Amino acid sequence: MNARLRVLVVDDHPLFRFGLCTVLAAEPTIEVVGEAANGRDAVSAARAFEPDVVVMDLHLPDIDGIEATRQIVNERRDTGIVVLTMFDDTESVFAAMRAGARGYLLKGSGQEEIVRAVHAVGRGEAIFGPDIANRVIGFFNTGPATSDPVFPELTSREREVLALIADGESNSTIARRLSLSPKTVRNHVSSIFTKLHVADRAQAIVRARKAGLGDQ
């Protein structure tokens with residue numbers, strides 16, 4: 001490989017982002033061309049820097065990593081996305097794949113594994129961490145559920161949050177009911193609004209109740 005891979009790093013935690021940039025920049029075959037702390041900036045940075053690979057967190061403060069992935073891939077088909085996240089649920093994995101991600105690793109993966117994934121996706125390959133690969137294989141071995149969940153674009157946790165929104169619960173009540181922090185609930189609500197293309201809570205309630213969630 002003569003030219004170095006151009007990589008954009010997206011993560012909302014400054015220390016983790018700094019550490020990841022440092023690890024990647026130490027590789028002679030990789031050039032870190034930019035970084036972003038939220039989904040909107042990630043889309044803008046991908047447009048400006050034209051990276052070969054984006055290392056993408058899913059939990060971001062405005063538009064989430066899945067939506068940011070979808071927008072980047074729609075604009076730049078030749079840019080590969082490696083998801084690097086704490087989310088290991090099946091819904092998140094397949095939502096990321098549907099959005100166009102070609103790699104999926106969990107935070108806690110070793111440095112060599114992350115670097116290998118960046119190189120693989122840069123070559124146009126698909127790659128998954130061992131835990132994620134086992135989950136994907138298990139899904140296809142057992143087959144999908146007999147009925148699709150409502151709003152399949154949402155994660156299972158987001159559907160829980162939406163059901164409580166449909167019941168008229170406030171964010172603080174949802175946080176207590178699900179043992180989540182208020183900030184996490186706010187992030188889930190923002191992600192739900194983005195994925196369902198609704199502007200506010202009232203529109204989300206209408207869509208949720210039409211789908212059978214919440215008090216009818």
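This section describes the fold, the salt bridges and selected residue environments of one protein chain in a predicted model. Residues are numbered from 1 along each chain as its sequence is written, and side-chain values use heavy atoms, with hydrogens and water left out. Local features need pLDDT of at least 70 and side-chain atom pairs count only at pLDDT 80 or more, whereas totals for chains, interfaces and linings use all residues.

The protein chain has 10 helices and 6 strands. Both are DSSP runs, numbered from the N terminus: helices are H or I with at least four residues, and strands are E with at least two. The C-alpha atoms fill a box of roughly 60 × 35 × 30 Å, taken along the principal axes. The radius of gyration is 18 Å, which agrees with the value near 17 Å for a compact globule of 216 residues. This radius is taken over C-alpha atoms, and the globule rule is 2.2 Å times the number of residues to the power 0.38.

Of the 216 residues, 48% are buried. Buried means under 20% relative accessible area, exposed means over 50%, and partly exposed lies in between (1.4 Å probe, protein chains only). The protein chain exposes about 10700 Å², and carbon and sulfur atoms supply 52% of that area. Accessible areas come from the Shrake-Rupley method with a 1.4 Å probe; for residues, only the protein chains shown count as cover. Contacts (heavy atoms within 4.5 Å) were also counted by sequence separation. Among those with a separation of 6 or more, 65% join residues 24 or more positions apart.

The charge count gives 25 positive and 29 negative side chains. Lys and Arg count as positive and Asp and Glu as negative, while His and the chain ends are not counted. The centres of the two sets lie 3 Å apart. Each charge is placed at NZ of Lys, CZ of Arg, CG of Asp or CD of Glu.

A salt bridge is a side-chain nitrogen of Lys or Arg within 4 Å of a carboxyl oxygen of Asp or Glu. The count by this rule is 12. One of these bridges joins Asp62 and Arg40, at 3.9 Å from N to O. The pair links distant parts of the chain, 22 residues apart. Asp62 sits in the loop between β3 (53–56) and α3 (65–75), and Arg40 in helix α2 (residues 39–49). Their exposure was computed separately. Asp62 is buried, with a relative accessible area of 18%. Arg40 is exposed, at 52%. Elsewhere, Asp11, Asp57 and Lys107 are linked in a network of salt bridges.

Helix α7 (residues 156–166) contains the bridge partners Arg157 and Glu160. Their side chains meet at 3.1 Å, N to O. The two residues are 3 apart in the helix, which separates them by about one helical turn. In general, an α-helix has 3.6 residues a turn, so residues three or four places apart point the same way. Arg157 is partly exposed, with a relative accessible area of 28%. Glu160 is also partly exposed, with 37%.

A further salt bridge joins Lys195 and Glu158, at 2.9 Å from N to O. This pair links helix α9 (residues 182–196), which holds Lys195, to helix α7, which holds Glu158, across 37 residues of sequence. Lys195 and Glu158 are both buried.

The buried residues of α7 are Glu158, Arg159, Val161, Leu162, Leu164, Ile165 and Ala166. They pack against α4 (90–99), α8 (171–178), α9 and α10 (201–210). Just after α7, Gly168 takes a positive phi of about 85 degrees.

Helix α9 also holds His188. His188 counts as buried, at 10% relative accessibility. Not counting residues up to four places away in sequence, His188 touches Arg157, Glu158, Val161 and Leu180. Thr194 lies in helix α9 as well. Leaving aside neighbours within four places in sequence, Thr194 is in contact with Ile63 and Glu67. Thr194 and Arg98 are 96 residues apart in sequence and 16 Å apart in space, C-alpha to C-alpha.

Glu112 is placed in helix α5 (residues 111–122). At 66% relative accessibility, Glu112 counts as exposed. The C-alpha atoms of Glu112 and Leu24 are separated by 9.8 Å, with their positions 88 residues apart along the chain.
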